[in-house]
Amino acid sequence: MLVTDKQADIAILRTLGASPRSVMQIFVVQGALIGVIGTLIGVLGGVFLAFNVDVAVPALEQVLGFKFLSKDVYYISELPSEVLPVGRGRRSASCRSCFRSSRRFIRAGARARQSGRGAAL
Amino acid sequence: MNDAVKNGAVVACSGLQKTYQGPAAVPVLLGVELAVQPGEHIAIMGKSGSGKSTLLHLLGGLDAPTAGQVFVQGRELSAMDEAERGRVRNATLGFVYQFHHLLPEFTAVENVAMPLLIRRMERAAALRESRQRAEGSRPRCAARAPAGRALRRRAPALRVCTRAGYRAGVRARRRANRNLDTHTADEVFEAMLRLSASHGTAFVLVTHDASLAARAQRQFELREGVLHPGPLSAT
């Protein structure tokens, strides 16, 4: 989509002598940047939300005007939330561990699925 | 053709043919012969769809001919790889577009500097040189203003100064006047004449405007895939 939006700009760069390769690099770098920044925002936002679920969920309920898990039905007074590192051991929300975990996720689907509750409520 | 190349033509083509392949093959150029001398201004006219743009694309190495050869400063474009053609475009060819094309993410000066940046000139030096070029041109580009709407009307003129860094070469100018008011078109033309005088830049002007074409030194009409020299018939 980015590439189709930028067809005219690509044409300009090509007439100014940019090689197809360097034009491609622009989009590769841009795509990678969007990916990394998106991942960071997602991880930070997700972890923040998980740590503050006791505040966030009632606030959301207030806004929407209904209870997700009504006490009358579920007998749950609070929403459990825990941030688990995917895999063994250390707790970390750093980019490195996120990469590592995504690698593990690919390698061992079952284990990752199990520990995937890290992000679940 | 070799004669034309030996005679110092900056851009020349011989037996240039282009057929667009598709469900039905569309022959556009059927053998175009052209030699442009340094500092020369030639005008090419022709009906819409007669192949004027195709010819410009081929002369600039942006498209490959079906048959025939294109020479830029004596070197054959089709014998080069894509990167080499890019270097030739960067250093010796300029395109002035029909529509106002600037890269909107960059300032006016950065747009002027773009060819220098593409050839990996150091950024500060490229911007310095471009600022000097832009100062000498009519647009007097607002150096730090993003090249947004306000500058669009000036874009073709600015594009001329974009190419000002080049000592020689050919300018493929596309029907700029169609998309410009007369005053701006004249400005662009004057800028071209100045460049031509100071750098020996040749211009290939593709236009629908007969009065503009009449100001060039030689006129051609592209008709039925062949370039016909001389006085223009009604287009």
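This passage walks through the contact between chain A and chain B, the salt bridges around it, and a nonpolar patch on chain A.

The model is predicted, so local features need pLDDT of at least 70 and side-chain atom pairs count only at pLDDT 80 or more, while totals for chains, interfaces and linings use all residues. Residues are numbered from 1 along each chain as its sequence is written, chains are lettered from A and ligands numbered from 1 in the order in which they are written, and side-chain values use heavy atoms, with hydrogens and water left out.

Starting with the interface, twelve residues of chain A and 18 residues of chain B take part in the contact (heavy atoms within 4.5 Å). Together the two chains bury about 1,300 Å², with 64% of that on carbon and sulfur atoms; buried area here is the accessible area (1.4 Å probe) that two parts lose on being put together, summed over both. Ile12(A), Thr15(A) and Leu16(A) supply 50% of the area that chain A buries against chain B, more than any other three residues.

There are two salt bridges between chain A and chain B (a side-chain nitrogen of Lys or Arg within 4 Å of a carboxyl oxygen of Asp or Glu). Helix H2 (residues 7-15) of chain A gives the largest share of the side of chain A that touches chain B, with seven residues; helices are DSSP runs (H or I, at least four residues), numbered from the N terminus. Arg14(A) pairs with Glu82(B) in a salt bridge whose closest N and O atoms are 2.9 Å apart. Glu82(B) also meets Arg85(B), at 3.1 Å from N to O, and both sit in helix H3 (residues 82-92) of chain B, three residues apart, about one turn of the helix. Arg85(B) counts as buried because its relative accessibility is 17%, whereas Glu82(B), at 25%, is partly exposed (buried is under 20% relative accessible area, exposed over 50%, partly exposed in between; 1.4 Å probe, protein chains only).

Elsewhere in chain B, Glu221(B) and Arg223(B) form a salt bridge at 3.0 Å, N to O. Glu221(B) is buried at 5%, while Arg223(B) is partly exposed at 34%. Back at the interface, salt bridges with shared partners link Arg14(A), Glu82(B), Arg85(B) and Arg89(B) into one network.

Chain A also carries a nonpolar surface patch of about 780 Å² of accessible area, with Leu60(A), Phe66(A) and Tyr74(A) among its residues. Patch residues have over 30% relative accessible area and no salt bridge, with nonpolar side chains (Val, Leu, Ile, Met, Phe, Trp, Tyr) joined within 5 Å and like charges within 9 Å; areas come from the Shrake-Rupley method with a 1.4 Å probe, and for residues only the protein chains shown count as cover. H4(A) gives the most to the patch, three residues.

Conventions. Helices (H or I, at least four residues) and strands (E, at least two) are DSSP runs, numbered from the N terminus.
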